[in-house]
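Please open the model in your viewer, with the sequence panel alongside, and follow the selections below in order.

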Amino acid sequence: REAGLPPGPPTVPLLGNLHLFPTEFAHYKFTEWARKYGGIYSLKMGPGTAIVLTDAAAVKELMDKRSSSTVDRPPMHVADLVAGGLNMVLSRYTENWRTLRRTAHTILTPQASARHLPIQQAEASQLLHDLLRHPQALLPLTYFQGFYTHIRRYSNSVILSVLYGKRAPRYETPETTAFFNAQHEWELVLEPGATPPVDLIPILKYIPERWAKWKRDCAKTRKLQRDLYFGLLDETKERLRNGDENGSYMEEILTRQEEFGMDREITGYLGGVLIEGGSDTTSSYLQSLILALIAYPETQRKAQEEVDRVVGEHRMPTLNDLEEMPYIRAMILETHRFRPVAPLMVPHCTLTAEEYNGFIIPQGTTIFVNAWGIFHDPELYDDPENFIPDRYLLTENGTKPGVDGSDLRPTYAFGVGRRICPGIHLAQNSININAMNLVWAFNFTTDTDAEGNPIELDTFDYQKGILTGPRSFKCKITPRSAEKAEIIEREFLEAADTFSKFEFGLSSEDKEFVANSRVHVRR
Ligand code: HEM
């Protein structure tokens with residue numbers, strides 16, 4: 001370890017700390033090291049360096065205030081092979097990234113996100129309806145529990161609708177299947193160990209494809225992504241040409257392509273990255289919320305009391321109600337803290353050398369922001385391992401009274417500096433609507449086994465990966481009253497008008513599903 005670097009675990013020759021680097025759930029190990037080496041420590045990755053920040057003051061200074069240096073991402077050859085450097089999440093600080101980011105900001109403003117509220121609300125009404133009708137697995141062979149796929153469908157359909165004006169009525173809708181399929185392949189090639197260390201030893205990039213399965217996997221992922229992303233783009237173009245607009249983001253980009261400086265290639269990938277960013281993040285969050293509500297029934301009871309007081313029995317919640325619901329707002333923040341979707345955010349990288357607190361951070365250093373370690377720091381939070389929304393009623397950032405939490409902020413889970421999540425407004429609308437809806441509509445409880453014993457939930461049973469969410473779990477979802485069940489049916493039926501504007505070019509199975517679900521309701 002070079003002089004001037006922050007401390008860190010002991011190194012060995014050549015590898016540095018590479019042999020210690022966790023290949024899954026890295027945030028646990030990073031947090032253990034933070035308690036030992038401090039809020040800023042370094043890891044030697046062969047000749048390269050990584051810094052782990054588990055200190056909110058350091059994050060604020062380095063990631064927010066000095067974001068012009070920490071805006072970069074570390075090199076990732078796999079991302080270049082799959083998306084030609086055009087995947088905004090993983091892209092380096094290039095002209096293309098700036099174009100993608102600028103355009104994303106222009107279309108994803110709070111005002112634009114508000115314009116898309118009707119379809120978000122309609123989709124949320126289908127989510128309630130799906131949970132009411134089919135809370136359990138839809139197909140006997142489905143690995144996932146029914147509720148789990150309903151939530152995934154919801155978030156994917158919302159993003160497809162707002163981007164391309166085309167919704168996904170079923171989890172098995174062809175575009176949704178194609179997306180989750182491509183995404184699965186993408187996650188496999190991104191897994192640590194799936195590729196040789198090409199970013200550390202660049203000569204490995206030149207291994208011919210016939211000896212490198214990973215290159216063939218990247219090519220396969222690239223094709224799956226391009227077929228879907230450019231297919232959807234071309235359909236939108238076609239509709240625009242035919243005068244069938246419905247106000248989607250891609251229509252706006254296609255209309256203003258020149259002004260945004262976007263060619264076909266970059267436009268296709270902008271849409272793609274927004275589907276990727278917007279699908280499993282929102283759904284993982286909602287699945288974590290349900291998991292927490294079941295594991296902490298007292299919290300569920302308090303949230304239900306509040307929603308009943310503000311909304312009552314006879315109507316569904318609306319976004320305006322949230323203002324009157326401090327407990328639900330606290331519960332929303334506590335879910336981000338308890339189980340952040342991106343526990344290490346997405347790694348950043350320095351464009352210039354930085355000095356901080358007497359340490360030198362060289363140019364080209366990878367920076368991990370250990371959101372998990374900060375959110376679970378017992379110095380900051382009382383009883384951090386438990387789900388306790390009340391903490392956010394005591395202080396703005398949920399920290400212990402008397403502790404200075406001013407370096408934190410309520411949007412922390414969405415990232416830092418110039419890479420902060422551009423989908424934040426759309427995501428927050430989804431989270432706010434559904435958090436209220438779910439506690440208003442249902443009781444969430446543990447399921448029972450064949451002998452009638454409750455099936456214990458493991459609140460640590462999470463998927464591995466940069467983004468994480470609970471693995472499918474069993475639970476019981478029951479409507480809280482017959483009247484609420486009726487309101488759910490009615491709202492879903494009334495949403496048909498809103499849906500119809502987004503029901504272009506559906507497959508025959510989707511058409512049949514749509515027709516049947518609505519006829520069924522009318523009976
Ligand atoms: C619960 C929901 C969500 C959470 C918790 C979340 C969180 C994050 C985090 C932590 C980052 C990395 C920030 C950083 O590097 O510092 C990020 C980046 C990103 N998110 Fe989200 N996100 C969510 C929803 C969405 C949605 C709905 C979209 C799309 C509409 C989206 C699109 C993106 C994109 C494109 C980036 C990359 C930004 C860049 O590197 O410049 N996210 N998000």
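Select helix H13 (264-295) together with the ligand: H13 gives the most to the shell around the ligand, with seven residues. In this model, which is a predicted one, 27 residues surround the ligand, and the closest of them are Gly-277, Gly-278, Gly-415, Cys-421 and Gly-423. If you now add helix H18 (424-441) to the selection, you have both of the elements that give two or more residues to this shell, namely H13 and H18. Colouring the shell by residue class will show 18 nonpolar residues, seven polar ones and two charged ones.

Stay on H13 and pick Val-273, which has its place in that helix. Is Val-273 buried or exposed? Val-273 is buried, because 23 other C-beta atoms lie within 10 Å, where 20 or more are needed to count as such. Once neighbours within four places in sequence are set aside, the residues in contact with Val-273 are Asn-87, Met-88 and Val-89, which you can display as sticks. For a distance label, take the C-alpha atoms of Val-273 and Val-310: these residues are 37 positions apart along the chain, and the two atoms are separated by 38 Å.

Next, select the strands S1 (40-45), S2 (48-53), S3 (348-349) and S6 (366-369). They form an open sheet of four strands in the order S1-S2-S6-S3, with mixed pairing. Strands S1 and S3 stand at the edges, each with a single partner strand, so one side of each is left without a neighbour in the sheet. Zoom in on S3 and S6, which pair in the antiparallel sense over two bridges; here His-348 stands opposite Ile-367 in S6. Then add helix H2 (residues 56-65), which lies across S1, S2, S3 and S6 and runs at about 130° to S2.

Finally, clear the selections and view the whole chain as a cartoon, where the secondary structure comes to 21 helices and eight strands. The radius of gyration is 23 Å, close to the 24 Å that the globule rule gives for 523 residues, so the chain is as compact as a globular protein of that length. Along its principal axes, the C-alpha trace spans about 75 × 55 × 45 Å. If you colour by burial, 44% of the 523 residues count as buried. A contact map adds one further view: among contacts with a separation of 6 or more, residues 24 or more positions apart account for 70%.

Notes: Residues are numbered from 1 along each chain as its sequence is written. This is a predicted model: local features need pLDDT of at least 70, side-chain atom pairs count only at pLDDT 80 or more; totals for chains, interfaces and linings use all residues. Two strands pair if DSSP finds at least two bridges between them. Two residues are in contact if their C-beta atoms, placed from the backbone, lie within 7 Å. Axes are lines fitted to C-alpha atoms, for helices over the stretch in contact, and angles run from 0 to 180 degrees between N-to-C directions. A residue is near a molecule or strand if its C-beta atom, placed from the backbone, lies within 6 Å of it. Ala, Val, Leu, Ile, Met, Phe, Trp, Tyr, Cys and Pro count as nonpolar, Asp, Glu, Lys and Arg as charged, and the others, Gly among them, as polar. The radius of gyration is taken over C-alpha atoms; the globule rule is 2.2 Å times the number of residues to the power 0.38. A residue is buried if 20 or more other C-beta atoms lie within 10 Å of its own, exposed if 12 or fewer, and partly exposed in between; C-beta atoms are placed from the backbone.
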